[in-house]
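The following exercises concern a single predicted model. Each task is followed by a solution that proceeds step by step.

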Amino acid sequence: MLTEEQITENRATLHELQIEHHDLDQVIAHLMLNPPPDDLLIRRLKKRKLLLKDRITLLEHLLEPDVLA
């Protein structure tokens, strides 16, 4: 069970990760629309975005665990 302090910290981290994920999405879209696209940079940004999504999912599950009745 998480303490209130851990819950608060996880929510703050979750919020920061969601913002960074959204920002990366916008940067990737901008880079792809402005030729010539830097394929290596785009791949790195997409990889970072996927890692962020995994961390977001993990934190969401920590904050809202499945409750079995």
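**Exercise 1. Classify Met32 by its accessibility and describe its surroundings**.

Solution.
Step 1. The relative accessible area of Met32 is 47%. Because the partly exposed class lies between 20% and 50%, Met32 is partly exposed.
Step 2. Met32 belongs to helix 1, which comprises residues 4–33.
Step 3. When neighbours within four places in sequence are set aside, Met32 is in contact with Ile42 and Lys46.
Step 4. For Met32 and Ile42, which are 10 residues apart along the chain, the C-alpha atoms are separated by 7.8 Å. Ile42 is among the buried residues of helix 2.

**Exercise 2. Determine whether Asn10 is buried or exposed, and list what it touches**.

Solution.
Step 1. Asn10 has a relative accessible area of 16%. Since buried means under 20%, Asn10 is buried.
Step 2. Asn10 is located in helix 1.
Step 3. Not counting residues up to four places away in sequence, Asn10 touches Leu2, Leu59, Leu62 and Leu63. Of these partners, Leu59 and Leu63 are listed among the buried residues of helix 2.

**Exercise 3. Find the salt bridges and state which elements they tie together**.

Solution.
Step 1. Searching the whole structure yields two salt bridges.
Step 2. One pair is Glu20 and Arg48, with the closest N and O atoms 3.0 Å apart. Glu20 lies in helix 1 and Arg48 in helix 2 (residues 39–63), so this pair ties together parts that are 28 residues apart in sequence.
Step 3. Glu20 is partly exposed, at a relative accessible area of 31%. Arg48 is also partly exposed, at 33%.
Step 4. Another pair is Asp25 and Lys49, whose closest N and O atoms are 2.8 Å apart. Asp25 is in helix 1 and Lys49 is in helix 2, so the pair ties together parts that are 24 residues apart in sequence.
Step 5. Asp25 has a relative accessible area of 37% and is therefore partly exposed.

**Exercise 4. Compare the span of helix 2 with its expected value, and identify its buried residues**.

Solution.
Step 1. Helix 2 contains 25 residues.
Step 2. From first C-alpha to last, helix 2 reaches 36 Å, which is close to the 36 Å expected at 1.5 Å a residue.
Step 3. The buried residues in helix 2 are Ile42, Leu45, Leu52, Ile56, Leu59 and Leu63.
Step 4. Helix 1 is included in what covers these buried residues.

**Exercise 5. Decide how the chain compares with a compact globule**.

Solution.
Step 1. The chain has two helices and zero strands. Its radius of gyration is 16 Å, well over the 11 Å given by the globule rule for 69 residues, so the chain is more spread out than a compact globule.
Step 2. Along the principal axes, the C-alpha atoms fill a box of roughly 55 × 25 × 15 Å.
Step 3. Of the 69 residues, 19% count as buried.
Step 4. The accessible surface comes to about 5,800 Å², and carbon and sulfur atoms account for 58% of it.
Step 5. Among contacts in the chain with a separation of 6 or more, 68% join residues 24 or more positions apart.

Key:
Residues numbered from 1 in each chain as written. Predicted model: local features only at pLDDT ≥ 70, side-chain atom pairs only at ≥ 80, totals over all residues. Heavy atoms only, no water. Helix = DSSP H or I, 4+ residues; strand = E, 2+ residues; numbered from the N terminus. Buried < 20%, exposed > 50% of the residue type's maximum accessible area, 1.4 Å probe, protein only. Contact = heavy atoms within 4.5 Å. Salt bridge = Lys/Arg side-chain N within 4 Å of Asp/Glu carboxyl O. Expected span 1.5 Å × (residues − 1). Rg over C-alpha atoms; globule rule 2.2 N^0.38 Å. Areas by Shrake-Rupley, 256 points an atom, 1.4 Å probe, with all protein chains shown as cover.
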